[in-house]
Amino acid sequence: MIESAKSQCNFPLETSIPQASLESILCTQELQRRRSRPPDYEKENRALVALVSTLANSPGTILQTLAGTILEITESDSAGLSLLTRDDDGKRFYWPAIAGMWNPHVGGGTPRNFGPCGDVLDRNCTLLFTHFERRYPYLIPVMPPAEECLLVPFYVGGKAVGTIWAIMHSDRHKFDAEDERVMGSLGQFASSAYQAVVSIDDLKFQVAEREKAETELRKLTDGLETKVLVRTEELEQRNSQLAEARARLAEEKLALERSEAFLAEAQHLSSTGSFCWRPSTGEIRWSEQLYRIFEIEQGVPVTLELVGSRIHPEDISILNDMNERTRAAVSDFEYDYRLLMPDHSVKHVHALAHGSRDADGQLEYIGAVQDVTQRRASEEALARARSELAHVTRVMSLSTLTASIAHEVSQPLSGMVTNASTCLRMLSSDPPNVEGARETARRTIRDGNRASDVITRLRALLGKKDATIEVIDLNDAVREVIALSLSELQSNRVILRHQLASDLPPVAGDRVQLQQVILNLLRNASDAMNTVDDRPRELLITTERDEGDRARLSVKDAGVGLDPQSMDKLFEAFYTTKNDGMGIGLSVCRSIIEKHRGLIWATQNDGPGATFSFSLPCRTDTKVQ
Ligand SMILES: Nc1ncnc2c1ncn2[C@@H]1O[C@H](COP(=O)(O)OP(=O)(O)OP(=O)(O)O)[C@@H](O)[C@H]1O
Ligand SMILES: [Mg+2]
């Protein structure tokens, strides 16, 4: 309340220039000289009681009530209070309450150092002014002008803080000593009222400050609570994430343990051990299974020497080779070698490893070693069984030819007998026919050779079991098979033709096995034409140079042809459509051709019958598997 009026004290202070001397506007002595009216204590007491009750009941209006009381008791035209401003260290006076004619000027004021109130405070006594606007021109516009103004200072703790004043705007009434006395007593009340108002203001200020502080605090608390809530939520989230992560980790650990167990089991079942090897440090780590394969006690530190001590002396060069190669550069390696166990048994192992550099740039090999002893044994057994089978089927095929072969052999034999008898007869005639005998002896030798050739070929096909690789002219092989089968084919009324390429490159392989394939194909072709009576039973054998430096042989018949539904079964073992067939012929053919890295297939002819073909690589370095 007190502070709020300050902004209305808006005189242009710096332009105020004193127009008259202070003394010329003071007339304080007049108060003693004038005739004084008698004191009216009753009125004065009533007024003071009213003031005190206002102070108690409505302290906010006390200053205005005091101004009214001054007006009433001094019977003046205007009355009011001037208070030093508090916010700028008392540089001005302002008027918080005015009663009477100057009431509209509430909120106005005067400068502290240049004005009637300042004079009162400087002199520290009551002063009576007349026409103060003569010295203080900023008061000129304040209407109506003051004829006389009685100003009384009031104090708080011995220090003047303001003035109360009464103004006469005309000379209808002059202030006297009684006014001065009453004003003195009202000045004391003003001091109490001022203190009360200041305290109330302070209190209000403090309350406002406290409320402000409380609001801030509430905001802060709210903010804090929100933060705590957010943080709590974050922490809870984090906690649940952690719990999830922990659960996941536990699951992963379990899964890892399980997969480790699986791995160990898988290694055990597949007889495969794994290892990790760092050539730079010589560090070698083995899985349990690898210790078992090498038959070395679990956990014994592994060194290359230890590994070497188990390798078969004939294969030790492989270890040295591997050692050199892997140290030289990062590479992958794959080796097959044998282990010689302390009980002199031999194990076959297949090792492979992948080389890489670890995070420190160190060379590292991670690999696996599989004990393939059993597999090797079964492979060998299988190969033996296969060649046994091939042999048996060959014998079987040939046995069906036996009659015609016997015929072939018996022909030259009976020729030989006839020739020998003729020869004897010529020699025993007189004179002996030496020339004729020589000729018949030559024929005997020729027939002998013919029979011997057949026997040799037959023996070759019947007797041989193991594969031997040689360079073969397929055309020759075909001719030999034809020679053996010809009479059989002829007895089946088969018309055999052949177109053998003159530029056929040689192939590498086992002659007897390949002849067996040709023989099987010829027999099947002949069988397929058994029931054909409405057309010639033509059989055509062709050899030709095939794409990609290969040699191809085809056997084309005019038989019953192929059943499209069974095409994919033809080469399967035991597939047969014949009453006396075993369904072995074509499966033996396929295994032989595949061993020679070749292909075998069947196609339906455009006309009647089918064509069976195989093609083989021509390179002489081809190895039979
Ligand atoms: N040239 C062909 N024309 C038509 N069908 C054929 C021909 N060659 C083979 N087949 C069919 O393929 C089947 C399988 O032939 P494969 O040579 O494997 O056995 P098989 O001749 O029946 O008996 P075997 O074991 O005595 O040779 C034959 O039963 C036949 O049905
Ligand atoms: Mg057959």
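Helices here are DSSP runs of H or I with at least four residues and strands are E runs of at least two, both numbered from the N terminus. This is a predicted model, where local features need pLDDT of at least 70 and side-chain atom pairs count only at pLDDT 80 or more, while totals for chains, interfaces and linings use all residues. Residues are numbered from 1 along each chain as its sequence is written, with chains lettered from A and ligands numbered from 1 in the order in which they are written.

**View 1. The shell around ligand 1.** Helix H13 (511-528), helix H14 (585-595) and strand E18 (610-617) each chip in at least two residues. H13 gives the most, with 4 residues. Of the 22 residues around the ligand (C-beta, placed from the backbone, within 6 Å of it), the nearest are Asn524, Ala528, Thr576, Gly581 and Gly585. By class, the shell splits into 11 nonpolar, 9 polar and 2 charged residues; Ala, Val, Leu, Ile, Met, Phe, Trp, Tyr, Cys and Pro count as nonpolar, Asp, Glu, Lys and Arg as charged, and the others, Gly among them, as polar.

**View 2. Helix H4 against helix H6.** H4 (residues 62-74) packs on H6 (residues 177-269) at about 175°, with axes 10 Å apart; axes are lines fitted to C-alpha atoms over the stretch in contact, and angles run from 0 to 180 degrees between N-to-C directions. So H4 is roughly antiparallel to H6, the label for angles over 145 degrees. On the H4 side, the residues in contact (C-beta atoms, placed from the backbone, within 7 Å) include Ile62, Leu66 and Ile73, and on the H6 side they include Val182, Phe189 and Val197. This contact has 13 nonpolar, 2 polar and 1 charged residues.

Methods
Parallel < 35°, antiparallel > 145°, perpendicular 65-115°, else oblique. Contact = placed C-beta atoms within 7 Å.
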